[in-house]
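Reader: I am new to structures like this one. Please take me through a single part of it, slowly enough to follow on screen.

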Amino acid sequence: MTEKIHTIESDLVRQSAATLASAIRQGDVTSEQVTAAHLDRIEQVDPAVHAFLYVNREQSLGRAREVDRGIAEGKISSPLAGVPIALKDLLATKGIPTTCGSRILEGWRPPYNATIVERLEAAGVVSLGKTNMDEFAMGSSTEHSGYGPTRNPWDLERIPGGSGGGSAAAVASFQSPLAIGTDTGGSIRQPAAVTGTVGVKPTYGGVSRYGIVALASSLDQAGPCARDVMDTALLHSIIAGHDPRDSTSINSPVPDVIQAALSADVRQMKIGVIKQLQGEGFQRGVLERFNAALDLLAGLGAEIIEVSCEHFQYALGAYYLILPSEASSNLARFDGMRFGIRRGDDGSNSVEQVMSATREAGFGAEVKRRIMLGTYALSSGYYDAYYGQAQKIRTLITRDFESAFSHVDVLVSPTAPTTAFKIGEKLDDPLAMYLNDIATIPVNLAGNCAMSLPIGLAPEDGLPVGLQIIAPAMADDRLYRVGSALEAALVDQWGGLLIEEAPAL
Amino acid sequence: MSSIDREQVVHLGRLARLELSESEVTHYTEQLDQILGAIAAISEVAAEDIPPTSHPIPMTNVFRDDIPTPGLDRSVVAEGAPAWEDDRFLVPRILDEPA
Amino acid sequence: MTSTAFDNVIAEFEPVIGLETHIELGTQTKMFCGCSTEFGGDPNTHVCPVCLGLPGSMPAVNRTAVESTIRMGLALNCSIAPWSRFARKNYFYPDMPKNYQISQYDEPLCINGFLDVTVITEDGPRVFRVEIERVHMEEDTGKLTHGGGAGRIHGATHSLVDYNRAGIPLIEVVTKPIAGTGSLAPDVAKAYVTELRELMRALGVSDVRMEEGSLRCDVNVSLARTGESWGTRTETKNVNSLRSVERAVRTEMIRQAERLRDGNRIVQETRHFNEETGNTTSGRSKEQAEDYRYFPEPDLIPVAPSEEWISELRTTLPEIPSVRRARLQQVWGISDFDMASLVNAGALDLIEQTIHSGVSEQAARKWWMGEFSRIANERGCDLVDLTVQPLDIRQVESLIASGDLTDKLARSVFEGVIAGEGSVAEVISRRGLKVVSDDTSLIAAIEQALAEQPDVAEKIKSGKLQAAGAIVGAVMKATQGQADAAKVRGLLFELLGISE
Ligand SMILES: [Mg+2]
Ligand SMILES: [Zn+2]
């Protein structure tokens, strides 16, 4: 008997969220058991992976028991009721430490919940804890966390992507079936690509930003991370929708992403391949897998068309002006006066000295670099040449997308130019690091939605490769239609999800 | 586009309330210059007649009704404060001259 | 009011002034969150993640604040922009939770208006058209209390911050440079702010309680030698009363003139106004280096008022104060000076309401500008703060008409009402203020007085009617003032068989 429970529990962490939810609904297993199994897994593997910054076993189990009661009493019914989740540490969680991966927020417990957190709670999704990230989401490797890097479950010497490396690694290492990420320039999609998981950046305004600590307000968007397309869709449907507390939130119905994931049909669809996002700078194995995926899509009945997006070459430049500009202003509030740490307050220093000392001590190098860059780009005399010009390029990139979507239903590209690189490899070369986001950034600039899903391993290094699907704003359902069709075809080929190939930890 | 010098970096540090060390000033001077150089290409794009996009989804007129909602308990506010006195946030002296 | 120093300025220089006025709107909630705007709450009790600028919080625009701003713009004859945006003004200061202020920059909601203001001069009233550059929305900051030292920012060892005020909606009204006012510059500045305040009150968008700091002015002054182009301007911050506006312009004109005469340049700078001395002092020079790094607020979307919305708001505009004043002045037949005094005392609404309640226009003005103004002055409060209501005045006036109260008794009634002794009827009964109109008791009192002063009776009978005063006086004394003197006099003559 004891032995049988053990088998179920060790299995639990490898199940999809949909399977777990249905088992919980049917009473085969409780949320408490599922949650406990994942907490055990965290204890077992996270010392090596370091996906989590905060886990509170008793709190999570207590919440799971509440959800079990709620389900039994018929008070909670959602397609993910009872399933555990990991939250990127950028989400404000009431009474629970929220650091944004920064030392400046060490010990801060927000007095309120982000809208996403409220929605997840209402849906009976149980939080396991907060995940590691590049400080204030600035980075593509999670090496810029103030609390040490997260490691890629496929190879612990490599980066899990960033900024949401913790969320992706938690899902990839079976510590959680679901996670929330945020994506300002690729921080959901690139980690998904390099960890062999699925991640979606919804349409800008599709998911409330209220309670998500802002990096670049006009680019930030939270979204779902999971191991398969259907789980991603289920999570998407719970967190999306209008929120009056976020004035940029779109007030119209959420596209039916679950139905789209179920349909898994690309026949008659026109799929555009972006000419500018292949070739030079892209790893050979990445392109190889990408082309094989295109063949597969064509085999499923889609029409593959090459499209040109001429202004994408300026996307990175525009992004690295807009992001630091907005970030320099968003991060101004971290001054040691109302919350977070305070340094240098010896009773003789002025408020300016204390603010400066606090920010100097609390922020890491990448954050400071971007604050400096943003302060420069916004300062008088430079605004027009930098920020102003970047906003115009944003218009041109949006027009590129509009014109592309007048010919095709979705666009595709490799999610990232390379597979996971080694920890430390690009740390001293910010420009090389920034190039990682070359394919994901245009989407944030235009506010479209996009998904990354695994399409196999690069032959040269055996590491996961991701394919990016891009759809127009508020056509998020198309991502799931294409993603689930491609996933089904790949699972057919492989006999299971790619993530099952990951080495045991 | 103009390249960035030490003096500017010091000024930016001050504007941004970052107490940069000498070596940081050197470091950021180099790196900002490099980054600005790399993205200088955006200024080559002729975009005179192109309207700027500051918000990706065109929307207008989103308002909230003027109806009070409960705020935070002061005890909770105080708990989060680095320094607190007499029901208020305590901050260091504001002027630069010594007290 | 005129000083030699000031006269000397005018002899040589021509002032150009400009005013930026911040006024707190009277909305229920703050500009970007649902926290109460109520004044005087315990520190940090009207706060939430948004107005404390906590990480992750986001602003949401108060519709009523936008409507109030548009209405103010319309009342100031502005064009309402079809497309306007919020921007971030970035600078670090501990009273500002986010270290940026959400304001409007190059895309304000209302532009290009004007306000006509009247200044009373020795040669009669003069109207100046003050051109309005813009009217925009922004948020207020928190309130600092300085600790250690003298409670001022200078010499303080630390400060305490209350964020109850942070995020309260402000409208900022900015004038274009006002030239051609000459020696009247201080008066024009004061008249403009007064008029602005009246307008806000008439629109009902703010009650503008200056003592609570809900109106604050920045005063720009520059001098040019007569006939030459404009000089360098200074900006005097936080001038918080009508009197101070006038003083700030005047002292800054004198100061600049002295510098210029000594061959010095005027430094373009921010100056602080000292309410006690009336002087201005230089702000920190470092502020000149401030670079606000404005950019469009990415957490908010544009405000694009439709023609329909604007027209709808236009229909809600009340009669503009200047128009109303002209109308009332004509109806009441009073002088410019009298009207100006009524406005200054804030008595216009009260008098009009009193007239509406059925009191004669003359009586209404008499009470408010006479007795009540005197009491308000004594108490150091505004007329509106007195508890007396228009209906009280009507009641008292009708008792006077029916002979139940004398003027003197009526004053006593109001004294009681204002002292909180109850309603008009209650005060009359408690203080026993009824006129003694019972003939029998009055005749008895008269007979008694005549008996006590037989010589006076004889004088009256012999035709010296003015001697009647002594008897009337005695009767009034005997009835403790509660008799109607005219009536006593009538009865006396009747008794003595004399016809007047
Ligand atoms: Mg202002
Ligand atoms: Zn608030």
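Author: Start with two strands of chain C. Strand S3 (residues 87–90) and S4(C) are joined by 4 bridges and run antiparallel. Strands here are DSSP runs of E, at least two residues long, and helices are runs of H or I of at least four, both numbered from the N terminus. Two strands pair if DSSP finds at least two bridges between them. Pick out C:Arg88: its bridge partner in S4(C) is C:Ile102.

This is a predicted model, where local features need pLDDT of at least 70 and side-chain atom pairs count only at pLDDT 80 or more, while totals for chains, interfaces and linings use all residues. Residues are numbered from 1 along each chain as its sequence is written, chains are lettered from A and ligands numbered from 1 in the order in which they are written, and side-chain values use heavy atoms, with hydrogens and water left out.

Now look at the faces of S4. In a regular strand the side chains alternate between the two faces of the sheet. Strand S4 of chain C covers residues 100–103. C:Tyr100 and C:Ile102 lie on one side. C:Gln101 and C:Ser103 lie on the other. All four are buried, and both faces are covered. Buried means under 20% relative accessible area (1.4 Å probe, protein chains only); exposed is over 50%, and partly exposed is in between.

Step across to chain A for a wider view. Its secondary structure comes to 17 helices and 11 strands. Buried residues make up 68% of its 505 residues. Its C-alpha trace spans about 70 × 55 × 45 Å along the principal axes.
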